[in-house]
Number of protein chains: 4
Amino acid sequence: MARITVPEIETIMAEELPFAANFGEVVFERLEDGDVMIRMPVDASHMRPGGTVSGPVLKGLADLVMYALVLSRIGPVKLAVTTNLTANFLRRPGTADLMAEGRLIKCGKRLAYGEVTLYSDGEPDDPVCHVTSTYSIPPPEAR
Amino acid sequence: MARITVPEIETIMAEELPFAANFGEVVFERLEDGDVMIRMPVDASHMRPGGTVSGPVLKGLADLVMYALVLSRIGPVKLAVTTNLTANFLRRPGTADLMAEGRLIKCGKRLAYGEVTLYSDGEPDDPVCHVTSTYSIPPPEAR
Amino acid sequence: MARITVPEIETIMAEELPFAANFGEVVFERLEDGDVMIRMPVDASHMRPGGTVSGPVLKGLADLVMYALVLSRIGPVKLAVTTNLTANFLRRPGTADLMAEGRLIKCGKRLAYGEVTLYSDGEPDDPVCHVTSTYSIPPPEAR
Amino acid sequence: MARITVPEIETIMAEELPFAANFGEVVFERLEDGDVMIRMPVDASHMRPGGTVSGPVLKGLADLVMYALVLSRIGPVKLAVTTNLTANFLRRPGTADLMAEGRLIKCGKRLAYGEVTLYSDGEPDDPVCHVTSTYSIPPPEAR
């Protein structure tokens, strides 16, 4: 069972992650322990000319899923921070909703590591972007 | 000599990169062949609680420098796209202007590769973030 | 169905990949289209003091799986080369057989991308190393 | 001034890094604090058909430089381990000596980060491979 709820993470997003406002109305379709899926309806503000979603929106969305993955395991620890994010862009997305599905691969005492796959709704086998990321977890006395 | 000018790249940013509006008034302090430096004054809209610049702004700024690096070598080819971006976050920046300094390491016919270092103005030896990135360059007939 | 067989890939390994001799007797437990699993019995030559497998052996094994993934889709194209390899080391392996399981995430005309997970036999949920990699595929006229 | 000497690091290599035997007679051309350059004469054992150095040798050499960079700053701490290694392969090297030049970008209490550029002797501006890497540093009580 996840150690954080959707309302808790939405509160953290509103208070701590002003960038998340760029995503519009994201929906947590799944928030389990180490297993998260978000849906982001694509609108004009996300696009670049050519009818594709801009890179920073893709990376930001992946980072949000990764953050949710970490909190799903360790609870609402606000000081967890990204130390590495590696994004591979595989094709241009269209205008369908973007699905961002993440999996926590490792969660140790000091470091967490996971992967996030982004795809256009209905096309899970032809992903848009694949991201791996490491988070640094503060020691208990610093949380 | 760079194969693109600052006004040309600012036009591309305005037309093609709506995300760049999030950066506010960035200044190209240097735009040479394979050698670019941008200054981004930090304001409240870039910050997250704790007084630090948000990750997507850092990655987006690095991506903009990388794009400028590629265009500085090949000219205004709009279809060049990021295929990989690897960001390592090294410390939290403060509120000083962010400097983003990039160097093109390789520019072949199909792939370009470079690195971008972000640091707070006045502290080039204690960087905030180090990014490497690969761009895919379209073949001449597709540009 | 894979477009290469185990004997074909073993011939390429013997002729083209002298480094593979360091792996000893690897066994292809699965070689399907975009889906490969190799078993590598660990012996003293792979170890570093402390009873753990050396990093270059892990990365080399992941690279071999990635190569097999690409050939499983495009057939025996010898000129395919790695352009990026990102390895995240998650814990020290013991002396059990190392399992290396790979999945091709994307295979376009010019670039292929996949991931490889390494784990000690019997412990698939506590991986040793996770690798993502991009291969450059030569155009048909250059193969 | 470096906190480790060339004889000290050669002893660690002989005792702890059996893989380093694959490199033959590497020479530390420079071992300063956070600034290391190694020369590796290329011989037949490093090559793959086509007259190029094999990928695992390149990555292993970069990893050795990264390890030396960390020890140059923190002294002979044997338990420092790689957590991430990202290698970008830029062109095939020839048979000239391989030069591996590294720079420590950050060295905190828990994590160190640096970059290594590999090039064929005499061609520093046309690199073969560019590597970034993160090391985890054990806390003082665990060294």
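Colleague: How do you know how chain B is related to chain A?

Modeller: Lay chain B on chain A with a turn of 180° and a shift of 0.0 Å along the axis, and the RMSD is 0.0 Å. The fit is by least squares on the C-alpha atoms of residues with pLDDT of at least 70 in both copies. The two copies are therefore related as by a two-fold rotation axis. Mind that this is a predicted model, where local features need pLDDT of at least 70, side-chain atom pairs count only at pLDDT 80 or more, and totals for chains, interfaces and linings use all residues. Residues are numbered from 1 along each chain as its sequence is written, with chains lettered from A and ligands numbered from 1 in the order in which they are written.

Colleague: Which residue of chain B comes closest to that axis?

Modeller: B:Thr86, with its C-alpha at 2.1 Å.

Colleague: What makes a residue part of the contact, and how many does each chain bring?

Modeller: Two residues are in contact if their C-beta atoms, placed from the backbone, lie within 7 Å. On that basis chain A brings 22 residues and chain B brings 22 residues. β5(B) gives the most on the chain B side, with 9 residues; strands here are DSSP runs of E, at least two residues, numbered from the N terminus.

Colleague: Why say the copies meet through the same surface?

Modeller: Because 100% of the interface residues of chain B are also interface residues in chain A.

Colleague: What makes β5 of chain A and β5(B) a pair?

Modeller: Pairing takes at least two bridges found by DSSP; these strands have 5, so they qualify, and they run antiparallel. A:Leu85 stands opposite B:Ala87 there.

Terms used:
Helix = DSSP H or I, 4+ residues; strand = E, 2+ residues; numbered from the N terminus.
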